[in-house]
Every structure is written in C-alpha cells, then in structure tokens.
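The following exercises treat a sheet, its hairpins and a charged surface patch. Each task is followed by a solution in steps.

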Amino acid sequence: PRKKTTPLPHKFCFGIGKPLTLAYLKIIAGFRRSKNSLTKRPYMILCNHACDLDPLMVINSVPGVVHALASDHLFKHPVFGKFVAHIAGPIPIVRAQMDVKSIQEAMQVRKDGGSLLIFPEANCCFSSKTSYIAPSIAKLVKKFKMPLALFNVRGSYLTRPRWSCSWRKGRTSCELVRVIEPEELAAMSVDEIYEAICEALSFNEMEYQRGKMIPFKGHDLMDGAERMLYQCPECGRIMTMKSEGDGIYCTECGYRVRMNEYGFFEGDNVIFDAFDKWDDWQREQAAKLVSEGRYDETGKTPLLITPTNELYRARRAAKNVLVAEGSLALYSDRLEFVTENALETDEEGHSVGIGPKTFVWTLDDITKLSCVHKNRIQIAVGEQDYFEIHSANTYRSAYAYMIYFYCLKRKAQGKPLDFFGM
C-alpha cells in the first residue's frame, strides 16, 4: 500500500478541480447538484453506474476528498494515466478478476481518513437499468466499518449511453438515497446490508424517463447501438443490427426504428419502445435458446463467430500486449481464437511471429468474462491470467458474447439461467 493515500497534490487537485468539473458538468450534461445531509467526514460511497461522468457527479455531491476505485484501463494511457495515478489518486481495479491489491489500497485510504467511491456494478450499465451487484460488496461494507452513503445518478444514461459515440444535452443529477451509520451496519447481517444496497441503487433510466419525458438533444443518437441491441426483434437473427444516425436497422430483414430526443423508439413497426424492454427480450431469448438446446451441443458449430479481432494479454494498470489477430468463436463448451500468426515476446522484449495457433479456453477455464469500454471482451483465466479481445466492428457485440457465455456456463453447472454477467 502507498504510504500516504491523500498527498498534498491530490488535495490541491480536488480544491481547484471540483468547481471546474462542476462547471463542465453543467455545460455538457445539464448537471444540477442536489442538496443533501452529508457532513465533512469519511464515507464509503456506493452508486449506480450508467455513464463515464458518474464519478464527477458523485464527487461534486460529497464534501471532502474522495478516492474512486477506477478501472485499470484509466492507467494504461502513457501520459494521462501517469497524471491520474500520481495526482488524482484513484485506485486501479481489474474488472474481470478479484484484485487483492486494490482492496489493500482501499483499506489504506480508510486508515488515512479518506472517503471511498465504489460502483458495485463494476461497469456502466448497458440497457438503462442497474446491472448485477455482486453480494461480496456487502461483506466489504461490513468489514470497512465506515458510514455508508448510497447515491443514484439520474439522466446520465441518456447523456451518453455506454454503447454510444456521441453526447446528448439534457438534465442530470446525483441524489442521496440513504445514509447508514456504522452502528446500524454493525447490527445488520451481511444479507440485510446487501438488500439495502440493491434497493437503494436500483434504478431504471427509461422507466424514470417515461414519467419525466426530459429531452436529450444531440446528433447520431443511435450511433453504436448495435453493440447493445444485437438481436433483431423481427427476424430474431443475432448480430445483424446496424446503426445509422438516429436509427438502427436489421441487415437481414430490414426492420428499422429511430430514437427520438426522449430516448424512445419510433417507426412503422415498433416492437419495443426503449432499450430496457428490448434488452429484457434479448436475455430471455438467449436463456430460452440455451435451455432448450437449440444449438450444436457437440461443439462443432459455433453459436457466435466474428472475424477481424485482436487478442491482447492484459496486465494490471499497464499497457496491453498484442498476442494475435484473427477470428473469435463461442461454442457450446469453449471460446476459441484462431490466428494465422501468433506473437510471442523474445528475451529482448520484441514481438516475434510464431505462425498459426488456436487459443482455446473451455467454459471451466474462464472464471469471468466481462465487457469493458464500449465493446471489448475481457476474460479471466484461472487466478492470474487475463486477456482482452478488441474489434473495430461494432456489430461484433461483446455484450452478446457475455450473455451467451454465462447461459452456457450456468447450464453446464446445472444452475438457473438467470445471470448474464456484469
């Protein structure tokens, strides 16, 4: 752990940074800072997560200096990453695997009297609804014995959905839902704490919008939506959707809708009016297909296959290393990456081609499979090894791979098909 978690440069950065970021949020996201009852003391802060701006919204709603647990991708930029690491003071975490070092650094923050900000979903949500929250967060809250502040961000999903390439100007806020004091936490069971967290952080942006109808104005509102809306509701084909400006259409059957400034779909044949309902249907379809065995269970024909991917070996808070370029396929029992020329690092640190190779990870080999950034697949293999798979093709939906992977894995384990990843 670091000797001092809140150095003078970090305090200075917060002192001048808060008013600057608040002005930025007001301009770009129509942010309205809500008054709350928090006093200047250390808190463990938990919040739902829908947009990259969420940390700034929470930090501007809490008194004092806050250390956020941030994805280790933030630290991989050669210049900005070093600035953030040495000045701003966040704690890097690896989304796809349990990170003991991050927990140790968070404990050091608590000892130093700092506040901690954690987004328990470990990811921005895809479909406007709070995603899965791992029960382990309740054990962490119980262990840290800090006042617990639970927040909801509102409007941030429609400001810039995770899958989107563009910004929209509307209205956002960060609302304090509940504060639980250490004495109350001590009297609560881990299950009761988990229930309280899930209840406070549960939020559906589109359900909220159905009552508020706040306009979010911008351009190319659906650009990149096929990263999340991967299945056509008309013909049922997977990864055939293509975004174009404010609309999205199926390249197979021609089904088409467009999104209005309120975030809802319009068209001649609107099957689902918004992202949340479309995504609920996609998940139901995946669970149904796998549970009924409507795929090649022999492992000869893939459920999903896409060309032109890049495979990287990922390292904590460090630059990824390119391993191969090739095709990706998900079978009933494994994930495969096939390349014509795999790369290895020689003794001098240079990448050397070694020829054709097929990387194979069985469902049991992969301990976790997550989506990172807009459309990258991150897989944890065993306890220490993890990889990232990138693709420039937006139709190659990392979200689809995650959902079908967990359906297959849970079926193999004899578990209900009710968990779709995080």
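The model examined here is a predicted one.

**Exercise 1. Describe the hairpin of E11 and E12, and state which glycine in it takes a positive phi.**

Solution. Step 1: the hairpin of E11 and E12 has 5 residues between its strands. Step 2: among these strands' neighbours in sequence, the residue to find is Gly 254, whose phi is positive, near 85°. Step 3: the pairing of strand E11 (residues 247-250) with strand E12 (residues 256-259) is antiparallel and extends over 3 bridges. Step 4: within this pairing, Tyr 249 has Arg 256 as its bridge partner, and Gly 247 lies opposite Arg 258.

**Exercise 2. Which residues form the covered face of E12, and which the uncovered one?**

Solution. Step 1: in a regular strand, side chains alternate between the two faces of the sheet. Step 2: in E12, Val 257 and Met 259 make up the covered face, whereas Arg 256 and Arg 258 belong to the uncovered face. Step 3: Met 259 also stands opposite Phe 265 of E13.

**Exercise 3. Characterise the hairpin of E12 and E13.**

Solution. Step 1: E12 and E13 are antiparallel and are paired over 2 bridges. Step 2: there are 5 residues between them, and Gly 263 in the turn has a positive phi of about 90°.

**Exercise 4. Examine E10: which side chains are buried, and how is the strand joined to E11?**

Solution. Step 1: the side chains of E10 alternate, with Met 241 and Ser 243 buried on one face; Lys 242 and Glu 244 point to the other face and are not buried. Step 2: E10 runs antiparallel to E11, and 4 bridges join the two. Step 3: Lys 242 is found opposite Tyr 249 of E11. Step 4: the hairpin of E10 and E11 has 2 residues between the strands, and Gly 245 in its turn shows a positive phi of about 65°.

**Exercise 5. Give the strand order of the open sheet and identify its edge strands.**

Solution. Step 1: the 4 strands follow the order E10-E11-E12-E13, with antiparallel pairing. Step 2: strand E10 (241-244) and strand E13 (265-266) are the edges, because each pairs on one side only.

**Exercise 6. Is Asp 191 buried or exposed, and to which surface patch does it belong?**

Solution. Step 1: Asp 191 is located in helix H8 (residues 190-201). Step 2: its relative accessible area is 62%, so Asp 191 is exposed. Step 3: together with Glu 192, Glu 195 and Glu 199, Asp 191 forms a negative surface patch.

Methods: Residues numbered from 1 in each chain as written. Predicted model: local features only at pLDDT ≥ 70, side-chain atom pairs only at ≥ 80, totals over all residues. Heavy atoms only, no water. Patch = residues over 30% accessible without salt bridge, like charges linked within 9 Å, V, L, I, M, F, W, Y side chains within 5 Å. Areas by Shrake-Rupley, 256 points an atom, 1.4 Å probe, with all protein chains shown as cover. Salt bridge = Lys/Arg side-chain N within 4 Å of Asp/Glu carboxyl O. Lys, Arg positive; Asp, Glu negative; His and termini not counted. Charge placed at Lys NZ, Arg CZ, Asp CG, Glu CD. Buried < 20%, exposed > 50% of the residue type's maximum accessible area, 1.4 Å probe, protein only.
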